[in-house]
Amino acid sequence: MGFFDLRVWRALTGAAVLLTCSLGLLVPAAVYAQAASVPGNPEAKPEAKAPVLVPPKLKQFVEATYPPAALEQGVNSARVELELVIAPDGTVSDAKVHAPVGNGFDEAALEAGKKLLFEPATRDGAPIPARILFPYVFEVKLAEPPPAEEVKPKPSRIEGTVQDVDDRHPLAGVEVIVSGADDATRGTTRRAVTDDTGHFVFDELVAGRYTVHLAKREYTDQEAEETLVAGEATAITYKLVGAPDPEAFHAVARVPAPPREVTRRTMGREELTRIPGTRGDALRAIELMPGVARPPLGAGFLIVRGSAPQDTQVMLESVPVPLLYHFGGLTSFINSRLLESVDFYPGNFSVRYGRRRGGIIEANLADPPTDKLHGVADLNFIDGSLLVEGPITDNWGFALAARRSWIDLVFQQVLGSSSNVNALAAPVYYDYQAITTYKPDDRDKLRLVVYGSSDNFKLLFTEPSDQDAAISGNFNLSTQFHRVHATWSRKISDRVDHDLELAVGRFQFNVGVGSAFAFKLQGTDVYLRSEWRARVSDRVRIIAGLDTVFLPGSVSYSGPPVTQQEGNADNGPNATTFSNRDRVTAADNFTVVQPALYLESDLDLRPLRIVLGSRVDYFSEIKSYAFDPRIAAHYSIDDKTRLKSGVGLFSQPPQYQESSPAFGNPNLKPTHTVHVDAGIDRDLGENVTFGVEGFYKYMYDRVLGTPFGQAPRFINGGSGRIYGLEVSAKVNPRGRFLGYFSYTLSRSERQDRHEGYHLFDYDQPHILTISGVYRLGRGWEAGLTFRLVSGNPGTPVVGAVYNKDTGQYSPIFGTLNSIRTPVYQRLDLRVEKQWKFDSWKLALYLDVQNIYNASNSEGIIYDFEYRKTTSISGLPIFPNIGLRGEL
C-alpha cells in the first residue's frame with residue numbers, strides 16, 4: 001500500500017541489518033557442517049525399461065481454405081504452425097497458432113485444424129493426450145503444361161540417431177518432424193518417433209531442403225535444416241540438451257501477442273529459477289533488468305527508472321499484490337515453479353495498467369499439468385517449500401504449494417548474547433498457493449487461485465536506546481494478506497475473446513516501535529476486471545475493458561506528524577529523534593472506489609505497427625478524474641531489426657496518508673508523469689538479442705508537505721525529471737548457456753515549489769549487471785552474477801541542537817542529498833548438481849551472495865550528539881545450501 005512505509009525506515013532497516021548479519025554469521029558455519037554430511041554421488045542407477053511412447057498419427061486431413069484476401073494481394077504461399085492438443089479419442093481438443101503469419105492464413109488454418117482426426121498417442125498401449133506442432137502449408141497451384149517426357153527423380157532418405165548431449169546415451173521416444181523448407185519440398189510433412197536405440201528413418205523423400213524438428217519431454221526442442229540429394233541417404237546424429245527447468249513437462253510457450261508497450265522484458269520458465277544471487281526466486285530476477293535500481297539493505301522494494309517505490313505496481317494475473325517480498329527482500333510471496341513467465345514494463349505501458357506512473361511487473365501463472373502427479377520439495381537454510389500438482393480429470397488440473405521460513409529456529413540463539421534485546425516472536429514468514437484450472441471445452445477456461453502471505457517479527461528492548469529514549473519496549477512488525485482470485489476466459493468466436501476476473505481478499509499491516517510509533521492498517525480489497533479483445537480485421541485489433549478497485553478499511557496511527565515522503569531528510573537513518581518530535585494520534589475508517597475504463601487499438605500497417613490507447617480513472621478519495629492518452633509505434637526494418645517509440649500520460653492518486661481527512665488533504669489532485677521512450681532492438685543470430693533505449697519522464701503535481709505541517713498539510717506543487725539510456729543483451733536459453741547484460745545511465749531529480757532541482761533519494765547514475773549460467777554436463781550447472789551500482793544520495797548532518805526538556809539532540813541538516821555512499825559491488829555464485837533416477841530427480845545446490853565478502857556501505861549513522869559517524873555495513877558473504885527432490 002505504501003502507507004507510512006518510509007516513516008519507519010530506520011526501525012525496519014535496523015531490524016533487517018540485525019537479521020541479515022546474524023544469518024551471515026551463522027549460515028557459513030552451518031554450510032560447512034552440512035556439507036560434511038552430504039550423501040555420496042548416486043551415479044549408478046538401476047536399469048529400468050522406459051515406457052513405450054507412440055505419437056499421434058493423422059487419420060483424416062482437412063484441407064484449409066486459401067484466404068481470398070491473400071490471393072488479391074498476390075501472396076502465393078504461406079506456412080502456419082499450429083499447436084494442437086490431441087485428446088485420447090483422437091480429436092483436437094485445443095488449437096492455437098504457434099507461428100502466426102497474418103493475411104487470413106492463421107484463421108483458415110485454425111478452422112481446418114480443429115477438424116483433423118488422429119490416431120491418439122499411447123503410452124504402453126494406453127491412449128493419452130498429447131501436444132504437437134502441426135504445419136499447414138498454403139500454396140497456389142499454377143497450371144503448367146505437362147512435359148513431353150517426365151523423368152521422375154530418385155527418392156532421398158534421411159536417417160539419424162538422437163543422443164543426450166551430456167552422456168551421449170541414445171534417447172528413445174523423441175518426436176521427429178521433417179517439414180519441407182523450399183519450393184521443391186514445400187507441403188511435405190513426415191513424423192516419426194525414435195526407437196530404443198534413438199534411431200529414426202524417413203524414406204521416399206523428394207530431394208531438397210527440409211527442417212528437422214526434435215522434441216522430447218524434459219529436453220529443449222531443437223531444429224536443424226538439412227539438404228537431401230536425389231538418390232542419396234543422409235545420416236546424422238543429433239544431441240539434445242536437457243531442459244533446465246525441472247517443470248518443463250507442462251511448460252508450453254505462450255503465443256506472444258503483438259507488443260502494446262514500447263518495452264516489455266519477459267523472463268520465461270526456463271530462466272526464472274536459474275539466476276545466481278536470487279535464491280532461485282523468479283520475481284527477484286527482475287532486479288537484474290535494465291532500469292531497476294538497487295534498494296537499500298532490508299528495504300524490500302523496487303525502484304524503476306528513477307521513480308519512487310510506491311510508483312511501481314506488482315501484479316499477479318492482472319490483479320495488484322499488496323506486498324512483493326518477505327522480510328525486506330529475502331524471497332517473494334509466491335512459489336516460482338507455479339509461474340509461466342514474468343513480464344516487466346519499465347515505462348510507457350499499455351492502458352490495461354493504471355493508477356501507477358512508474359513501472360509494472362506482472363507474474364503469469366502456468367496451468368497445472370493434467371498428464372500425471374508431480375511434486376517438488378525444496379529444503380535450504382532459509383526456508384522449506386513443498387509443491388504438488390497433477391490432474392483431477394483429463395481437462396482439470398490442480399496445484400498446491402506452501403513455504404515456511406526456518407529463521408526463528410536460530411534467531412533466538414543469536415539474540416541470546418545481547419543483554420538488552422529479547423525475541424518475543426522470532427522472524428517467521430510463510431506463504432501458500434492453491435490453483436485449479438478447468439477447461440470444459442476448447443472455448444472456455446475456468447481458474448480459481450487461493451493464495452496468501454504472512455510475516456511476523458517482534459523484539460523486546462529491555463533498555464532504552466542511547467540515541468533515542470523513546471525507543472524502548474516492544475518492536476513489532478507483522479504483515480499479511482489472503483486472497484481468492486477467480487478467472488473465466490471465453491473464446492466467443494474466432495475473432496472475439498473475453499476475460500472476467502474477480503479477486504477478494506483481506507490485508508493487515510501492523511508496525512510498532514515502543515511507545516514512540518504505532519501504525520495499523522487493515523481492510524478488504526476487491527478487484528474486478530472485464531476485458532474484451534476483438535480482431536476487427538487482419539490488420540486491426542481492439543481491446544476494451546473495465547478495471548475496478550473497491551477497498552473498505554480502517555487505519556490508526558500514533559507518532560510524529562506525517563510529512564512529505566520524498567526529499568525529506570527526516571525520513572532517513574539520521575532523522576530527528578522521536579523524543580524531540582511532536583506526537584499525533586488519529587484513526588479513520590475509509591472506503592476507496594477506483595473504477596477505470598480503457599480502450600486500445602492495434603493497427604498493423606506492416607512494417608509499421610501503431611498502438612493507440614486511452615484510459616479514464618476515477619479516484620473517490622479525492623473525487624477526481626484522470627484521462628491518460630498513450631501511443632506506441634514499432635517499425636521493423638527487417639526480420640532482425642526493430643525500432644520502437646512511445647509517449648504517454650500516466651496518473652496516480654496520492655498516497656492514503658496524504659489524502660486522508662485525518663492525516664492530510666482530501667482536496668489533492670492526482671499526480672502525473674509524461675513518459676517518452678525511443679529505442680532499437682536487434683537479433684544477433686538465433687539466440688542473442690541486443691537493445692538500446694533512451695527515456696525521459698517529466699513529473700508534475702507531485703505532492704509536497706507544507707512548511708511546519710501547517711494546514712492543509714499537503715499540496716500539489718512539486719515536479720521532477722528523469723532521463724537516461726539503457727543498454728541490454730540477452731543470450732536465450734536454447735543451449736548450454738544463458739546470459740544477461742544490462743547497463744543503465746540515468747539521472748533522477750526533483751523540484752520542490754520554486755526551488756532548484758535536487759537529486760532523488762534513490763538516484764543511481766550507473767547500474768551495471770552481468771549474469772551468466774552454464775550447463776557443464778553430467779547434471780552440473782554453474783553461474784555468476786556481478787553488479788556494480790552507484791551509491792545512494794544522502795543528506796549530511798552539519799550540527800545539532802540540544803533539547804533540555806527531553807535530554808536529546810536534534811540534527812541540523814546540510815544540503816539535501818548532497819553526499820553519496822560509495823559504489824556498491826557484489827558477485828554472486830550459484831552451483832547445482834542434479835542426479836536423475838527412473839521416476840524422480842535429486843538436486844543439491846549452493847547459492848552464495850557477495851562471494852568475495854565486499855565491504856559495501858549502506859550509509860552512515862551518527863552518535864547521540866551527532867558528532868561521530870559509523871558506516872552501516874551491507875550484506876556480508878551469505879551462503880545458502882539446499883536440497884531439492886522432484887517427482
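How many bridges pair strand 3 with strand 8, and in which sense do the two strands run? Keep that in mind while you get set up.

**Before you click**

You're looking at a predicted model, where local features need pLDDT of at least 70, side-chain atom pairs count only at pLDDT 80 or more, and totals for chains, interfaces and linings use all residues. Residues are numbered from 1 along each chain as its sequence is written, and side-chain values use heavy atoms, with hydrogens and water left out.

**Stop 1: the whole protein**

Start with everything in cartoon view. The protein has 6 helices and 53 strands. Here helices (H or I, at least four residues) and strands (E, at least two) are DSSP runs, numbered from the N terminus.

Now switch on the surface. About 37700 Å² is exposed, and carbon and sulfur atoms supply 57% of it. Accessible areas like this come from the Shrake-Rupley method with a 1.4 Å probe, and for residues only the protein chains shown count as cover. Of the 887 residues, 54% count as buried. Buried means under 20% relative accessible area, exposed means over 50%, and partly exposed is in between (1.4 Å probe, protein chains only).

One more overall number: take the contacts (heavy atoms within 4.5 Å) in the protein with a separation of 6 or more, and residues 24 or more positions apart account for 67% of them.

**Stop 2: strands 3 and 8**

Select residues 77-86, which make up strand 3, and then 130-139, which is strand 8. Back to the opening question: they pair in the antiparallel sense over 10 bridges. Two strands count as paired if DSSP finds at least two bridges between them. To see one match, click R79 and look for V137, which stands opposite in strand 8. Strand 3 is also mostly covered, with 8 of its 10 residues buried.

**Stop 3: a three-strand sheet**

Next comes an open sheet of 3 strands in the order 1-6-7, with antiparallel pairing. Strand 1 (53-54) and strand 7 (126-128) are the edge strands, each pairing on one side only. Select residues 121-123 for strand 6, which is joined to strand 1 by 2 bridges. L53 is a handy landmark here, as R123 of strand 6 stands opposite.

**Stop 4: a loop that meets a distant stretch**

Go to E232, in the loop between strand 14 (222-228) and strand 15 (233-240). Leaving aside neighbours within four places in sequence, E232 is in contact with P155, S156 and R157. Measure from E232 to S156 in your viewer: they are 76 residues apart in sequence, but 5.4 Å apart in space, C-alpha to C-alpha. E232 is partly exposed, with a relative accessible area of 46%.

**Stop 5: an enclosed strand**

Select residues 360-365, strand 24. All 6 of the 6 residues are buried, so the strand is largely enclosed by the rest of the structure. Show the side chains: I360, E362 and N364 point one way, while I361, A363 and L365 point the other.

Which way does each partner run? Strand 19 (residues 313-316) is parallel to strand 24, joined by 4 bridges, and L316 stands opposite A363. Strand 23 (residues 339-345) is antiparallel, joined by 6 bridges, and L339 has L365 as its bridge partner.

**Stop 6: unusual backbone**

Most residues other than glycine have a negative phi, and most peptide bonds are trans. Here are some exceptions to click on.

- R305 has a positive phi, near 50°. R305 sits in the loop between strand 18 (303-304) and strand 19, and is buried at 4% relative accessible area.
- R606 and P607 are joined by a cis peptide bond, with omega about 10°. P607 is in the loop between strand 34 (584-605) and strand 35 (608-619).
- A711 and P712 are also joined by a cis peptide bond, with omega about 10°. P712 is in the loop between strand 39 (688-705) and strand 40 (714-731).
- R713 is found in that loop between strand 39 and strand 40 too. Its phi is positive, near 80°, and R713 is partly exposed at 36%.
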